[in-house]
Amino acid sequence: MLRLSALFTCLAGTSQALTPLPPCGGVEAGMRTGAPAQIAGAGIVVEQYRQNITSHGDLAEADTPPVGALAGFIGLRVSHCATGRFVAIPGASDSYAVAEQLAASAVLRDSLATKRMVTAGQMIGATKASYGRVIVLRETDETCACNTYFPDLRAKGMTPYKERNDLGQ
């Protein structure tokens, strides 16, 4: 009984140091998302983004992407939560490393240091400067990551995340 109590004490002591899992991950409009990272104070989230493909034994079924430019896409989405503008970076996979790189970029560094909100144009410029050729699009529905990290920044006219009907596991 004493051993079990000591084990619970050890576990309870370490549980505070554990980082909770990211709150979002699933399918939004035919695209699988996951591993969201925020750029604190910027209203920007970076997350894994790829066309959803479901395996059925030897067969696979692909969801229809929201726009043709995203057919077969595998990479990251960098979203400006206040406007719905986003940049898709093909081939990138580490959302946390990309968020850190963008935050350190010359384009965003001054705004972040002075705690000014980053504009969509700055986000797009920083992403293009860091990654070259990217796909620039606009989201019409609030994403899970934006709703989680920056719930007060949803652009007017965007469908709130909790009211979307194009979500999946």
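1. A good place to start is the hairpin that β2 and β3 form, with four residues between the two strands. In its turn, G41 has a positive phi of about 80°. Please keep in mind throughout that this is a predicted model.

2. The two arms of that hairpin, β2 (residues 31-39) and β3, pair in the antiparallel sense over seven bridges. If you would like a pair to find on screen, take M31, whose bridge partner in β3 is Q51.

3. Strand β3 has a second partner to look at: with β6 (residues 74-80) β3 also pairs in the antiparallel sense, over seven bridges. Here R50 has I74 of β6 as its bridge partner.

4. How many of the eight residues of β3 are buried? Six are, so this strand (residues 44-51) is largely enclosed by the rest of the structure.

5. Now to the interior. In soluble globular proteins, nonpolar side chains tend to be buried together. In this model the largest nonpolar core has 19 residues, and I44, V78 and L102 are those with the most contacts inside it. Two or more residues of this core come from each of β2, β3, β6, β7 (85-90), α2 (95-104) and α4 (120-131). Apart from this core lies another, of eight residues, including Y49, L70, F73 and A88.

6. I44 deserves a closer look. Leaving aside neighbours within four places in sequence, I44 is in contact with A37, Q38 and I39, with V78, S79 and H80, and also with L108, V118, M123 and F150.

7. On the helical side, α3 (residues 106-113) packs with α4 at an angle of about 140°, their axes lying 8 Å apart. Because of that angle, α3 counts as oblique to α4. From α3 the contact is made by V107, L108 and S111, and from α4 by Q122, M123, G125 and A126.

8. Finally, a loop residue: D141 sits between β8 (135-138) and α5 (144-149). Is D141 buried or exposed? Its relative accessibility is 15%, and the cut-off for buried is under 20%, so D141 counts as buried. The side chain of D141 makes a polar contact with the side chain of T159, at 3.0 Å. Not counting residues up to four places away in sequence, D141 touches M158, T159, R164 and D166.

How values were computed: Residues numbered from 1 in each chain as written. Predicted model: local features only at pLDDT ≥ 70, side-chain atom pairs only at ≥ 80, totals over all residues. Heavy atoms only, no water. Buried < 20%, exposed > 50% of the residue type's maximum accessible area, 1.4 Å probe, protein only. Pairing = 2+ DSSP bridges. Polar contact = N/O pair within 3.5 Å; in protein donor to acceptor, adjacent residues only side chain to side chain. Contact = heavy atoms within 4.5 Å. Core = buried A, V, L, I, M, F, W, Y, C linked by side-chain atoms within 4.5 Å. Axes fitted to C-alpha atoms, helices over the stretch in contact; angles between N-to-C directions. Parallel < 35°, antiparallel > 145°, perpendicular 65-115°, else oblique.
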